[in-house]
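Thanks for sharing this one with me. Here are my notes, set out point by point so that you can follow them with the model open.

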Amino acid sequence: MTRPIGDLDINLLLALDALLQDQNVTHAAARLNITQSALSGRLTRLRRIFNDPLFVPSSSGRGMTPTSHTLALKPELQRLLQQLTQFVQSAHVFDPATSERTFRIAAMDNPAAILAPALLPLISAQAPAVRVAFTLPDKTQVNGQLERGEVDLFIGTAQDAAPNLIGRLLFNEEFLTAQRIGHPRGTGPLSLDTFCELDHLLISTSGGMFNGMIDEALADLGRQRRVTVSVQSYALAPLILNSTDCICTLPKRFLQRFTSHLELFTPPLTLDTFSMKLFWHSTVNADPAHRWLRSMIFDAVQTN
């Protein structure tokens, strides 16, 4: 009759292994740091499971001798215990030098453009076979994606994340206004009148919008601007600015990457700063691979 595997547990397997090594209840109990009576109880359970005495008294009167059935079990037992050890250790060991893991980071192209140039060389230096995928986040789905492991990390503002996520500050950000080098307005400080008169490029992450937080700030002053171009991608902004007379007000860290062909100015109105945070789910908080990836991201922020 085949007994269910549920009758076995790891403690029984360790008891059998110790008895095979020592062939003595007293010594095997000491090896396992349990009492002799506890080990005798485990041996009784093992005999019932395998329907075999497993060990018989030694002819010398000291210790025990394994039966032929026990000796037949020995190589499989050692292999099984080795696999169990590897199974337990694999969850707590991450070697970036040999890992071929793919990490998925959900981030809008603004923080992705800020972090990626510094992050990817850091990762490549330590983990040459690791792959990184930046994906655009669906803010209504990202919490579930993090919980299910479909996304490893999410970069966004505090307002973008569910309260059950773990978050840590990446950086505080402010805004600058950019124009192309050689812009006809010149290079002097921007006045509010000039700011409102010029054509503006706006990044609408939802797509197609021609007003945003800057327009709200202007409205509080009783002013308005003229937005002539709206795009969804931050990546398009430097290209459009470089070929038009539009100006654009965007996060400072993003714009500072394009000073070779853009001039940057302080906006002529007060705009709130904002914080960019890194979010992850509690299910991966202690995972060594995730901890390594998070450390790489924070190192990349310091590099910037």
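1. Helix α5 is a good place to start in this predicted model. Spanning residues 109-126, α5 lies across β3, β4, β5 (153-156), β6 and β12 (274-280). Relative to β4, the helix runs at about 175°.

2. A second helix to look at alongside it is α11, residues 288-303. Helix α11 lies across β3, β5, β6 and β12, and its direction is at about 10° to β6.

3. Now the sheet that these helices lie across. It is an open sheet of five strands, ordered β4-β3-β5-β12-β6, with mixed pairing. Its edge strands are β4 (131-135) and β6 (166-173), each of which pairs on one side only. From one strand to the next, the twist averages 20°.

4. For a closer look at one pairing in that sheet, take β3, residues 102-107. This strand pairs with β4 in the parallel sense, over five bridges. If you would like a residue to click on, T102 has R131 of β4 as its bridge partner.

5. On the overall layout, the chain is divided into three parts: domain 1 (10-90), domain 2 (96-173 + 275-303) and domain 3 (175-272). Note that domain 2 is given as two segments, 96-173 and 275-303. How far apart do the C-alpha centres of domain 1 and domain 3 lie? The separation is 75 Å.

6. There is also an open sheet of three strands, in the order β10-β7-β11, and here the pairing is antiparallel. Because β10 (248-251) and β11 (262-265) each have a single partner strand, they stand at the edges, and one side of each is left without a neighbour in the sheet. Neighbouring strands of this sheet are turned by 40° against each other on average, with direction ignored.

7. Within the three-stranded sheet, β7 (residues 175-180) and β10 run antiparallel and are joined by four bridges. A handy pair to display is A178 with its bridge partner in β10, C248.

8. Turning to the N-terminal part, UniProt lists residues 8-67 as "domain: HTH lysR-type", in an unreviewed entry. In the model, this stretch is 60% helix and 10% strand. The C-alpha atoms at its two ends are 19 Å apart.

9. How do α1 and α3 pack against each other? Helix α1 (residues 10-22) and helix α3 (residues 36-50) meet at an angle of about 100°, with their axes 10 Å apart. Angles of 65 to 115 degrees count as roughly perpendicular, so α1 is placed in that class with respect to α3. The residues that meet are N11, L12, A15, L16 and L19 from α1, and L39, R42, L43, R45, L46, I49 and F50 from α3. By class, this contact has nine nonpolar, one polar and two charged residues.

10. Helix α3 also packs with α2, residues 25-32: the two axes come within 9 Å and cross at roughly 100°. That crossing makes α2 roughly perpendicular to α3. V25, T26, A28, A29 and L32 of α2 make the contact, together with Q36, L39, S40 and R42 of α3. By class, the contact of α2 with α3 has five nonpolar, three polar and one charged residues. It may help to colour L39 and R42 when viewing α3, since both residues are listed in its contact with α1 and in its contact with α2.

Notes
Residues are numbered from 1 along each chain as its sequence is written. This is a predicted model: local features need pLDDT of at least 70, side-chain atom pairs count only at pLDDT 80 or more; totals for chains, interfaces and linings use all residues. Side-chain values use heavy atoms; hydrogens and water are left out. Two strands pair if DSSP finds at least two bridges between them. Axes are lines fitted to C-alpha atoms, for helices over the stretch in contact, and angles run from 0 to 180 degrees between N-to-C directions. Contact means heavy atoms within 4.5 Å. Angles under 35 degrees count as roughly parallel, over 145 as roughly antiparallel, 65 to 115 as roughly perpendicular and the rest as oblique. Ala, Val, Leu, Ile, Met, Phe, Trp, Tyr, Cys and Pro count as nonpolar, Asp, Glu, Lys and Arg as charged, and the others, Gly among them, as polar. UniProt positions are given in the numbering used here, feature names are shortened, and annotations may be inferred rather than shown by experiment. Domain bounds come from an automatic or database domain assignment.
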